[in-house]
Amino acid sequence: MKAIRVHEFGGPEVLRLEELEDPRPGAGQVLVRVGAAGVNPVDTYIRGGVHAVRPALPYTPGLDGAGVVEAVGEGVTRVEAGARVYTAGSVSGTYAELAVCVEAQVHALPERVSFAQGAGVFTPYATAYRALFQRARALPGETVFVHGASGGVGTAAVQLARAAGLTVIGTGGTEEGRRLAAEQGAHHVLDHHAPDYLERLPELTGGRGADVILEMLANVNLNHDLNVVAQGGRVVVIGSRGPVEINPRAAMTRDASVHAMSLFNASPRELAGIHAALRAGLEAGTLRPVVGRELPLAEAARAHEEVLKPGAYGKIVLVP
Ligand code: NAP
């Protein structure tokens, strides 16, 4: 099979397309023929060797993917060959024509969801779900401010929050990104590059501020979030690319809390809840992963450059 291999941690150029022996599923494992692999910012941090997760070299990147079960190992009972699935992590990596997963990492992909869309399910939707409902405990009727609503996690959060009965305010850095956030269900959209955009929040929330803020770039925004969060509000730090200085007094006066999260910390029980909720939403059509760009597997290096550039538009996926 063809697969992307990383022999040393470094820049995007370390991602090389190689020919490998086809893998075989061991006991308790599932072999997936990958229809599409999802590209996430975390894949670039791992490739650069700057993430807590440091795979043994050489390795094939990729947690997210979707395709068809090719074969199952001994003892596998939940899926069989021929089933459409999305992956939530992988033993051998999803940037490949074939990926080995443990049984708990594969989940049914409804017919209405394409493989490219399925490759955009796990990391973005599970992160958005965990942030909204497991960390912030968002409730119907509350207002959520999705600070960065044009990318993978942001569009997922908009769809999840809208379907759960929250009022959704999203931001995007480009006209296209803001239009996308509105199409996905945001009631209001703001431009996070406009100098005065946060001044619109009190007006859009009847003076209260946002009950929940999902923060994609905390190093830029966290201190400002504390001035626009509601009394008793919760900020969830999802993404941050550096340090930030905050004034805790703004949080004190509002009894506000700052939560941080990593999807890697979700327990098996929490993940089971997440996948059950995602499956229901994918089946019902309330969750519709947005594929902004499909690139051939051989262009993994370009995908890693693109995923970190401004001007996000849903997901970037690789097609073997
Ligand atoms: P993505 O698709 O590249 O989207 C990035 C988002 O950040 C876009 O909406 C982008 O908007 C927005 N953004 C850029 N500048 C911003 C600003 N000044 N203020 C607010 N938003 C801004 O990435 P993703 O997959 O959605 O992931 C988002 C972040 O969460 C990344 O840092 C990622 O590493 C992190 N993440 C963390 C976890 C976790 O477990 N904690 C899981 C998944 C992702 P424009 O491009 O329109 O400007």
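Where is Gly-281 found? Gly-281 sits in helix α9. Before going further, please note that this is a predicted model. I will come back to Gly-281 after the helices it belongs with.

Let me start with helix packing. Two packed helices are described by the angle between their axes and the distance between the axes. The pair to look at now is α3, residues 122-135, and α4, residues 152-163. Their axes come within 8 Å and cross at roughly 55°. An angle of 55° is neither under 35 degrees nor in the 65 to 115 range, so α3 and α4 count as oblique to each other. The crossing of these two helices is right-handed.

Which residues meet there? On the α3 side they are Pro-124, Tyr-125, Thr-127, Ala-128, Tyr-129, Leu-132 and Phe-133. On the α4 side they are Gly-152, Val-153, Ala-156, Ala-157, Gln-159, Leu-160 and Ala-161. Sorted by class, this contact has 11 nonpolar residues, three polar ones and no charged ones.

Helix α3 also packs with α9, which spans residues 268-284. Here the angle is about 110°, and the axes are 10 Å apart. Because 110° falls in the range from 65 to 115 degrees, α3 and α9 are roughly perpendicular. From α3, the contact uses Phe-122, Tyr-125, Ala-126, Tyr-129, Arg-130 and Gln-134. From α9, it uses Glu-270, Leu-271, Ile-274, His-275, Ala-277 and Leu-278. This contact divides into eight nonpolar, two polar and two charged residues. Tyr-125 and Tyr-129 are on the list for α4, and they are on the list for α9 as well.

Back to Gly-281 in α9. Is Gly-281 buried or exposed? Its relative accessibility is 7%, and since buried means under 20%, Gly-281 counts as buried. Leaving aside neighbours within four places in sequence, Gly-281 is in contact with Thr-286 and Leu-287. Gly-281 and Leu-160 are 121 residues apart in sequence, but their C-alpha atoms are 8.2 Å apart in space. Leu-160 is one of the α4 residues that meet α3.

Next, two helices and their buried residues. In α5, residues 175-183, the buried ones are Gly-177, Arg-178, Leu-180 and Ala-181. Seen down the axis, they fall within an arc of 155°, so they line one face of the helix. What do they pack against? They pack against α4, and against the strands β9, at 167-172, and β10, at 188-191. Just after α5 comes Gly-185, with a positive phi of about 125°.

In α7, residues 218-228, the buried residues are Ala-218, Asn-221, Leu-222, Asp-225, Leu-226 and Val-228. They cover an arc of only 155° around the axis, and therefore they are on the same side of α7. Their packing partners include the helices α6, at 200-204, and α8, at 248-252. Among the strands they pack against are β8, at 143-147, and β11, at 210-215. The strands β12, at 229-237, and β13, at 257-260, are partners too.

Ile-246 also belongs in this part of the talk. It lies in the loop between β12 and α8. Its relative accessible area is 36%, so Ile-246 is partly exposed. Outside its neighbours within four places in sequence, Ile-246 is in contact with Leu-222, Asn-223 and Leu-226. Leu-222 and Leu-226 are among the buried residues of α7. Ile-246 is also 27 residues from Asn-219 in sequence, with a C-alpha to C-alpha separation of 9.7 Å.

I will finish with some backbone details in loops. Leu-57 and Pro-58 are joined by a cis peptide bond, with omega about -10°. Pro-58 is in the loop between α1, at 41-47, and β4, at 64-72.

Which residue in the loop between α3 and β8 should you look at? That is Arg-137. Arg-137 is not a glycine, yet its phi is positive, about 50°. With a relative accessible area of 58%, Arg-137 is exposed.

Asp-255 lies in the loop between α8 and β13. Phi of Asp-255 is near 50°, again a positive value in a residue other than glycine. At 60% relative accessibility, Asp-255 counts as exposed.

Definitions and conventions:
Residues are numbered from 1 along each chain as its sequence is written. This is a predicted model: local features need pLDDT of at least 70, side-chain atom pairs count only at pLDDT 80 or more; totals for chains, interfaces and linings use all residues. Side-chain values use heavy atoms; hydrogens and water are left out. Axes are lines fitted to C-alpha atoms, for helices over the stretch in contact, and angles run from 0 to 180 degrees between N-to-C directions. Helices (H or I, at least four residues) and strands (E, at least two) are DSSP runs, numbered from the N terminus. Angles under 35 degrees count as roughly parallel, over 145 as roughly antiparallel, 65 to 115 as roughly perpendicular and the rest as oblique. A crossing is left-handed if the near helix is turned anticlockwise from the far one by less than a right angle, and right-handed if clockwise. Contact means heavy atoms within 4.5 Å. Ala, Val, Leu, Ile, Met, Phe, Trp, Tyr, Cys and Pro count as nonpolar, Asp, Glu, Lys and Arg as charged, and the others, Gly among them, as polar. Buried means under 20% relative accessible area, exposed over 50%, partly exposed in between (1.4 Å probe, protein chains only). The arc is that of the directions from the helix axis to the C-beta atoms.
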